[in-house]
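Hi,

Here is the structure I promised to pass on. Have a look at it first, then read my notes underneath.

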Amino acid sequence: MHVYLIRHPLPLVEAGVCYGHTDLTCAPEQQAATLRDALPLLPPSLAGIPVISSPLRRCADLALALPGAAVTFDARLKEMHFGAWEMQRWDAIARGEIDAWAENLLHYRPGDGENVMQLTRRVHDFYLSLLERDDPHLVVVAHSGSMRVLAACAPDRSVEQIAALVKGTPSPKYGEVVVWQPKNIIAKKQ
């Protein structure tokens, strides 16, 4: 199975704002550019190829714009929930809270939201559902956090090992397409 992971376009939000789980849209020109750049990296026809997307609009709108796509939505692909930090400027969040998160990235719940272990558990559950599928191709439209977890997933890794690997995984760029197999990454394009 080849999975085409696509990160959503740049959302309509001021730079420097924490927005994780917040349901934001993207500028139409950003979505059009992402679609234009992603299509050559996907199979020539998406007819009959399942597309699974986060239900958040910045992903859902892109998934629904893919020509011929049969889209389903899966909440397990949502971005990490930052609780009270959502829609706050990063520089307005107490330095002590950010430091506490940095010191215990896996278990600290930023803004009393979700921690990296919780994100990893739900995305890993999605990953396990992929292993049960027999589709030769699949498109997944998601967020940086869920894509980073998926890239770290492997059948021989525990949730704890995956979460620890996510810490050092770089964030995909907005609109980036990563061609991935549930056992390893094949190619990375942007």
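Below is what turned up about the helices and the cores.

First, the small print. This is a predicted model, where local features need pLDDT of at least 70 and side-chain atom pairs count only at pLDDT 80 or more, while totals for chains, interfaces and linings use all residues. Residues are numbered from 1 along each chain as its sequence is written, and side-chain values use heavy atoms, leaving out hydrogens and water.

Start with helix α6, residues 159–166 (helices are DSSP runs of H or I, at least four residues, and strands are runs of E, at least two, numbered from the N terminus). Its buried residues are Val159, Ile162, Ala163 and Val166 (buried means under 20% relative accessible area with a 1.4 Å probe, protein chains only). They line one face of α6, because seen down the axis they fall within an arc of 100° (taken from the directions from the helix axis to the C-beta atoms). An α-helix has 3.6 residues a turn, so residues three or four places apart point the same way.

Those buried residues pack against α4 (116–131) and α5 (144–152), where contact means heavy atoms within 4.5 Å.

Now the cores (sets of buried Ala, Val, Leu, Ile, Met, Phe, Trp, Tyr and Cys residues joined through side-chain atoms within 4.5 Å). The largest nonpolar core has 33 residues, and Leu5, Val140, Leu150 and Trp180 have the most contacts inside it. α4 gives the largest share of this core, 7 residues. Another core, of 17 residues, lies apart from it and includes Leu46 and Val179.

Cheers

Key
Buried means under 20% relative accessible area, exposed over 50%, partly exposed in between (1.4 Å probe, protein chains only).
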